[in-house]
Every structure is written in structure tokens, then in C-alpha cells.
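Q: I have a protein model open and would like to learn how to read it. Can we go through its features one at a time?

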Amino acid sequence: MPSWYDIVGLDSRSSEFCNGLDDSMERILSLVEDEVSGNDSSTTATTACVNPLDYSRIVLAGFSQGGALALYTGMTQSRNQSTVGLGLGGITVMSGYLPRSKAFAIARGSEKTQILHCHGEQDSVVPVQAAALSKERVSSLLKETSGGNENSYEVKTYAGLDHSVAIDELNDVAAFLKQVIPPIPITTQADNAPEDDEVDPTKMSVKQLRAEIEKRGLKKESRGMLEKSDLVNLLLKN
């Protein structure tokens, strides 16, 4: 069964042994750096450069093991060729936990990252107590860190929810995303700019790209495209 890393057990001792966690973190970091640089390193093909993102506008999120990976990666790892932490906009953990709790250390620059931990109160796979223990460990380190805010780790629990997700939970996640990634003000076209300028796909969001694809009648050609760079290239070729 595919997984981010090997699980020996979920008790405090077993969670220190996470073979494969480091390799998975490298994969996630590669994706983050792609977004920051505006390049796509996942393929050897020549792809268009898309708008780069600031680290502060990136959120790592995951469910169960994915949530554990998001939490550990987002708080402990550093930016490419730097000793400064990622400093992400936020981290969302759903039904997850903090792996390698004893070795966990917050990277300098990530002490202000907001964390939302959602957990079902009837979780039969990862007990809800894991949420409280994870918060306790992270918050204790934040309290000792200069500039850290021990209240930046929020836990929300959901009555009757097993190892799954619920609408209330997804609504809370959506609200959290709006909070940590505020909208970018839309700049209007300069008065002296030609009104018939062609749109530049490399400067469009995914939502704008898909709208433009539908406008050009390319919806069929875009089926199966999950990467932003693929959508950009489709518009550039058409």
C-alpha cells in the first residue's frame, strides 16, 4: 500500500522510527521550490515559467500520514540553499500527528507559521489525543523560541467523526486558508495600455487559466492536466 513513510506504530516510541520520511520531505520541498522559482522540475521537458510564489503564500496540508508529513516538513525544513526556515503561510493537519517528536526542532524563520489541526473525536486509527500531544510539543518549543507564538497551533475536534473528513472540518480549513493567504489586490490595466493586448498565460492563476481555456474551446484538450505548467503551455500553443 503506498505511503509517505513506514509506520511501526503510533505510540510515542514507535513514531520516532519513520523510515522514508526524509525522502518524502525531499519530494515535498522540491514541489515548494518549484512554486517559489516558477519552474517545474518534475519533468525534463521544456515548460513555461509560471508566476513564482512567495513562501508566505504556500500552505502544506495533508490527511493522516500526509498531515504528519506536512507538519514536520513545514516546521523543520529550510529554504533551498539557506539556513532559514520555509516560513510558510500555514500548515493544515487533518487526522494527523507529529512524527519524530523528540527530534522535532523548529527552523529559524518558521516560528510564525500558523497551524490548524483538525481531528475526529472518534478517530479509531489516530486517536484524537494525538492532536493535543502534537500541539503541546510544538507549542512548548514555540514558547521557548524568540518571536514564536505558542497560540499559533490551533486544534479543532469534531464529535462523532472517525478517521475521515466532515463538511464542518472542510469549512474550517477553507476559512483558515482565507485567513493565512489573503487575496492579492487586482491591479487594473494602465490607461495608456492597448486594450487589445493578448493575455499572458504565465501571469494567470489556475482559475484564470481554466477560464481562458474554456473561452478558447480547449476544455477537451485540457482533460487530465493537473499541473499549472501544462495549462500554461496549452494556452501558449493555441
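A: Begin with a term: a salt bridge is a side-chain nitrogen of Lys or Arg within 4 Å of a carboxyl oxygen of Asp or Glu. Bear in mind that this is a predicted model.

Q: How many salt bridges does the structure hold?

A: There are three salt bridges. Arg100 forms a salt bridge with Asp22, and their closest N and O atoms are 3.0 Å apart. This pair links distant parts of the chain, since Arg100 lies in the loop between strand 2 and strand 3 while Asp22 belongs to helix 1 (residues 21–37), 78 residues apart.

Q: Is Arg100 of that pair buried or exposed?

A: The scale comes before the case: buried means under 20% relative accessible area, exposed means over 50%, and partly exposed is in between. Arg100 has a relative accessible area of 16%, so it is buried. Asp22 counts as partly exposed because its relative accessibility is 40%.

Q: Which residue forms a salt bridge with Arg216, and which one with Lys156?

A: Arg216 pairs with Glu212, with 2.9 Å between the closest N and O atoms. Glu212 counts as buried at 12% relative accessibility, while Arg216, at 31%, counts as partly exposed. Lys156 pairs with Glu154, the closest N and O atoms being 3.5 Å apart. Here Lys156 is partly exposed at 28% relative accessibility, and Glu154 is partly exposed at 37%.

Q: Now the fold. What pattern does the protein follow along the sequence?

A: Count the elements, then read their order. The protein has six helices and four strands. Along the sequence they follow the pattern α-β-α-β-β-α-β-α-α-α. Of the contacts with a separation of 6 or more, 65% are between residues 24 or more positions apart.

Q: How should I read a single helix, and which residues of helix 4 are buried?

A: The general idea is that an α-helix has 3.6 residues a turn, so residues three or four places apart point the same way. In helix 4, the buried residues are Glu169, Val173, Phe176 and Val180. They are on the same side of helix 4 because they cover an arc of only 60 degrees around the axis. As for its dimensions, helix 4 (residues 167–180) has 14 residues and reaches 20 Å from its first C-alpha to its last, close to the 20 Å expected at 1.5 Å a residue.

Q: What do the buried residues of helix 4 pack against, and which exposed residues does the face turned away carry?

A: The buried residues of helix 4 pack against strand 1, strand 2 (90–94), strand 3 (114–120) and strand 4 (153–158). On the face turned away from the buried side are the exposed residues Ile167, Asp168 and Lys178.

Q: Which residues form a nonpolar patch on the surface?

A: To belong to a patch, a residue needs over 30% relative accessible area and no salt bridge, and nonpolar side chains are joined within 5 Å. In this model, Phe63, Val165, Ile167 and Leu170 form such a patch on the surface, with about 340 Å² of accessible area together. Phe63 is in strand 1 (residues 59–63). Its relative accessibility is 31%, so Phe63 counts as partly exposed.

Q: To finish with the whole protein, how much area does it expose?

A: The protein exposes about 14000 Å², of which carbon and sulfur atoms supply 51%. As for residues, 41% of the 238 in the protein are buried.

Key:
Residues are numbered from 1 along each chain as its sequence is written. This is a predicted model: local features need pLDDT of at least 70, side-chain atom pairs count only at pLDDT 80 or more; totals for chains, interfaces and linings use all residues. Side-chain values use heavy atoms; hydrogens and water are left out. Patches are made of residues with over 30% relative accessible area and no salt bridge: like charges are joined within 9 Å, nonpolar side chains (Val, Leu, Ile, Met, Phe, Trp, Tyr) within 5 Å. Accessible areas come from the Shrake-Rupley method with a 1.4 Å probe; for residues, only the protein chains shown count as cover. Helices (H or I, at least four residues) and strands (E, at least two) are DSSP runs, numbered from the N terminus. Buried means under 20% relative accessible area, exposed over 50%, partly exposed in between (1.4 Å probe, protein chains only). The expected span of a helix is 1.5 Å times one less than its number of residues. The arc is that of the directions from the helix axis to the C-beta atoms. Contact means heavy atoms within 4.5 Å.
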